[in-house]
Amino acid sequence: MNSLDISTKSSRGATFGSSVPPSQRVDQVITNFDVVKRDPRLPCISMKTHKRRDDFFGRQDILDLIDKNLLPENRRNVNFGEDSLRSFALCGMGGIGKTQIAVEYAYSRRPEFDAIFFITADGKAVLSEEFAQIAQQLGLEDESEANDLTVSMEIVKGWLSNPVRSYDAPPSATNEVSWLLIFDNVDNMDVLAEFWPTTGLGAVLITSRDSLAKNQIYTANNGIDLPPFPAPDAVKFLNTLTKRAPHPTQDKDAAEVAEKLGGLPLLITQMAGVMARLRLSYSDFIKLYNASGIEQISMTGTTMSTPQQVYSISSKLGFDGLSLASFGLLSLIATLDPDRIPEAILISACSKDPVTSFPNNLTQYYEARAQLLQTSLINQNTESGDIWVHRIVQDVTKGKLDSNRLTQTYNLAISAVSDVWPFSRLETRFLTARHKDCAPLFPSILRLKDTFNLMISLGTFQATLPLATLFSDAGWYRFERGFQEESKEWFQLVQQICDGLEDKSSEAVAYMIRDTHHNLGTASGETNDTELFLKHSGIWLELLRQRKTPDGELVVDYELGMGYNEHGVAQAMNGHCEVAITHFSKAIEYFQALPHYESTMLGWPASNKGLMYWILGDLEAAERTLLELIEVFRKANGVDDTLSFKTGKMLYALGNVHVSQGKYEKGLEYHARCLRQYRVTLGDRHHRIGDICHRLADDNLRFHHYAEAQVLISQALKVFSGRQQYRQELARSTFKAAQVSRAIGDEGKADEQLRMAFELRCSLVPDDTRNIDEIHEDDYDKLVVFWSR
């Protein structure tokens with residue numbers, strides 16, 4: 001990591017930071033917010049579950065066309081500037097071979113690229129997870145650092161836009177890195193907006209069922225509608241798969257089979273498997289095909305095959321000869337993420353109570369898996385064990401299930417995924433160790449969520465508590481990874497499920513209802529929706545108060561303490577500071593009454609209480625409370641532990657207290673310690689990073705550390721910009737940026753930033769009619785919640 005250069009002269013003629021001894025300066029390392037911090041590990045080839053197929057056939061003309069547009073030596077292509085990002089789109093219906101061409105291109109062109117990344121792009125949630133993996137695979141981020149996926153996304157985009165081997169080497173052609181990024185299954189081009197590299201010398205290959213994808217701004221009209229195999233190639237491909245040598249007596253039948261299958265690689269592959277399972281000759285297959293009543297499809301012209309015809313052939317013929325257990329396993333696979341299914345999910349399903357036509361032990365599972373692999377209905381990465389399957393195979397499989405069987409399979413998927421998902425507990429939330437285990441499982445839970453409304457419409461499906469529990473924790477996982485707004489969608493769905501449960505009498509259901517209000521409240525608080533925070537935390541606390549022991553006494557447990565703490569936070573966010581202190585004191589009282597009480601349980605309520613004392617001006621009580629709490633955590637976990645951001649919050653609060661006491665050096669010290677702690681536990685783009693950068697910018701202004709103040713306030717603006725829920729913080733930090741600009745003598749920029757801050761504040765507080773000169777820093781501070789001040 002490069003240290004910050006602080007020798008820049010200000011426009012006032014003074015050297016930045018020269019007025020204070022070095023011992024009082026902020027550690028320069030922590031003010032380095034460069035997106036990329038490490039040299040990449042190269043070569044880096046990330047193909048997910050996709051291995052190169054030995055039976056890949058033909059398409060050389062397509063591969064050559066992609067070369068023309070994407071290879072580094074072809075930078076002077078007429079549609080791209082020499083230094084521009086190059087892109088190309090493969091479009092076409094499902095089953096025509098887009099993904100397999102992309103896979104073959106990646107493996108066959110490995111010598112041409114230093115880094116290749118294969119990414120599933122059918123939704124933002126999955127894309128964010130996959131970009132985080134790239135950051136780790138490139139070595140730009142350690143697993144322990146990858147807590148906030150929004151940060152990981154920026155790290156990867158930063159390197160893609162400036163792909164170098166070494167940041168210490170001078171600019172040169174040999175230091176440039178050539179990379180290939182494959183966005184597979186892009187059905188909605190809009191999802192790429194947040195992930196598309198802005199500059200760089202790399203190449204992007206897109207596959208999409210949408211023919212318009214090749215005409216988007218991303219592809220600059222470079223792409224092709226992929227045609228089926230030409231007739232001769234289709235016959236050769238069929239013979240290759242069936243391992244039959246060309247023979248005059250079979251050539252005519254082979255050509256007829258290829259024609260009936262429309263020259264589509266997926267159908268040819270599937271039907272070759274059918275012929276192998278049923279030991280059919282080409283002529284036998286033609287008889288079976290004709291007897292099925294399937295409408296003839298064509299390889300060329302205006303009668304070219306349609307998705308419906310592909311589904312029809314696959315459905316009527318593609319599963320002939322499968323054992324019941326094999327089809328049962330395929331049915332489960334059809335409910336999960338098509339691109340990566342950890343095998344642990346499927347093995348877990350075998351341990352369940354006997355399910356109709358599903359493998360019930362490992363022997364049956366391996367036999368069923370072998371049959372599906374042998375007939376190319378599924379694929380497996382031999383290194384990771386992960387399974388992947390074509391989306392058409394999934395759709396056709398589900399189409400063959402009646403509502404009762406689909407319901408049974410969906411419930412089995414819920415149970416199997418729940419068995420391997422690492423659930424968090426209320427006592428251990430915000431710990432990041434589980435994230436690496438959640439990441440490969442989350443896409444399958446997302447798939448189950450996306451299918452939920454379909455299941456409800458069947459009439460045979462009844463949402464259950466295990467489903468609510470799984471969705472709730474998946475939502476919390478997304479909350480922890482930096483997607484607080486998205487997490488609300490999960491919690492609202494959980495609330496809908498709980499409302500629909502017929503039996504709400506059990507404690508497990510009652511807990512889930514309470515926890516849903518807790519989660520909705522917390523997510524609302526993190527996104528500045530103070531009214532909803534107060535509402536849901538209040539409901540949570542009231543439900544807790546209604547619980548009674550057999551003796552009619554209030555149930556006192558960890559959850560009760562947290563309920564009082566969270567509702568106290570909500571009260572504080574709504575300006576009820578005295579009420580908040582009462583709630584924090586109650587939380588402390590109930591924690592201390594627990595038989596398994598540990599002093600670190602006070603991390604939340606005691607630090608919040610200290611902040612309340614600070615806001616109310618009782619600085620002595622605030623300092624005492626926070627110093628005692630920091631000492632508790634030091635004894636338990638060491639100095640400035642990084643188990644969660646709790647310790648950082650305490651350091652932040654104590655820094656504020658010292659500044660209010662006029663102990664500016666101590667304020668600077670504690671705020672700097674907070675920033676170090678937050679960067680480890682939260683990453684660089686969390687809203688709390690923006691808060692502490694704002695405070696430290698103010699600290700550094702006070703000591704005339706103008707270079708540091710500029711870096712810090714710029715990071716705060718970067719954190720808050722473009723995020724609707726943080727407009728209050730953005731207004732406040734824009735005002736602070738104006739102060740920084742004015743301090744270094746840039747009056748024009750200062751005036752512009754002040755105007756921007758004022759206009760943003762006017763949109764937030766439209767009833768305040770004061771003019772720009774009458775609005776002061778306190779007015780901007782009051783825009784944000786107490787923990788951000």
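**Open and enclosed spaces in a predicted model**

Author: Helix 3 provides 8 residues, the largest share of the lining of the largest pocket. The model is predicted, so local features need pLDDT of at least 70 and side-chain atom pairs count only at pLDDT 80 or more, while totals for chains, interfaces and linings use all residues. Residues are numbered from 1 along each chain as its sequence is written, and side-chain values use heavy atoms, without hydrogens and water.

Reader: What makes a space a pocket, and what makes it a cavity?

Author: On a 1 Å grid over the protein atoms alone, a cavity is a set of points where a 1.4 Å probe fits but cannot get out, whereas a pocket is an open set with protein on both sides within 12 Å along at least five of seven lines; in either case, a lining residue has an atom within 4 Å of a point. The largest pocket has a volume of about 770 Å³, and of its 36 lining residues the closest to the centre are Q133, Q137, R340, A439 and P440. A search of the whole structure finds 4 cavities of 30 Å³ or more, and the largest holds about 530 Å³. Of the 33 residues lining that cavity, G97, T99, Q100, L266 and H390 are the closest to its centre.

Reader: Which elements supply at least two residues of the lining of the largest pocket, and which element gives the most to that of the largest cavity?

Author: For the pocket they are strand 1 (44-46), strand 3 (115-120), helix 3 (124-137) and helix 15 (435-438), where helices (H or I, at least four residues) and strands (E, at least two) are DSSP runs numbered from the N terminus. For the cavity, helix 2 gives the most, with 4 residues.

Reader: Why is E566 said to have no salt bridge?

Author: A salt bridge requires a side-chain nitrogen of Lys or Arg within 4 Å of a carboxyl oxygen of Asp or Glu, and the nearest side chain of opposite charge to E566, K649, is 7.0 Å away; the criterion is therefore not met. Lys and Arg count as positive and Asp and Glu as negative, with His and the chain ends not counted, so H518, although E566 touches it, is not a candidate partner. E566, in helix 21 (residues 558-573), is nevertheless buried, meaning under 20% relative accessible area with a 1.4 Å probe and protein chains only. Its contacts (heavy atoms within 4.5 Å) also include T522, F533, S537 and W540, not counting residues up to four places away in sequence.

Notes: Points joined across faces, edges and corners; volume = space filled by probe spheres on them. Buried < 20%, exposed > 50% of the residue type's maximum accessible area, 1.4 Å probe, protein only.
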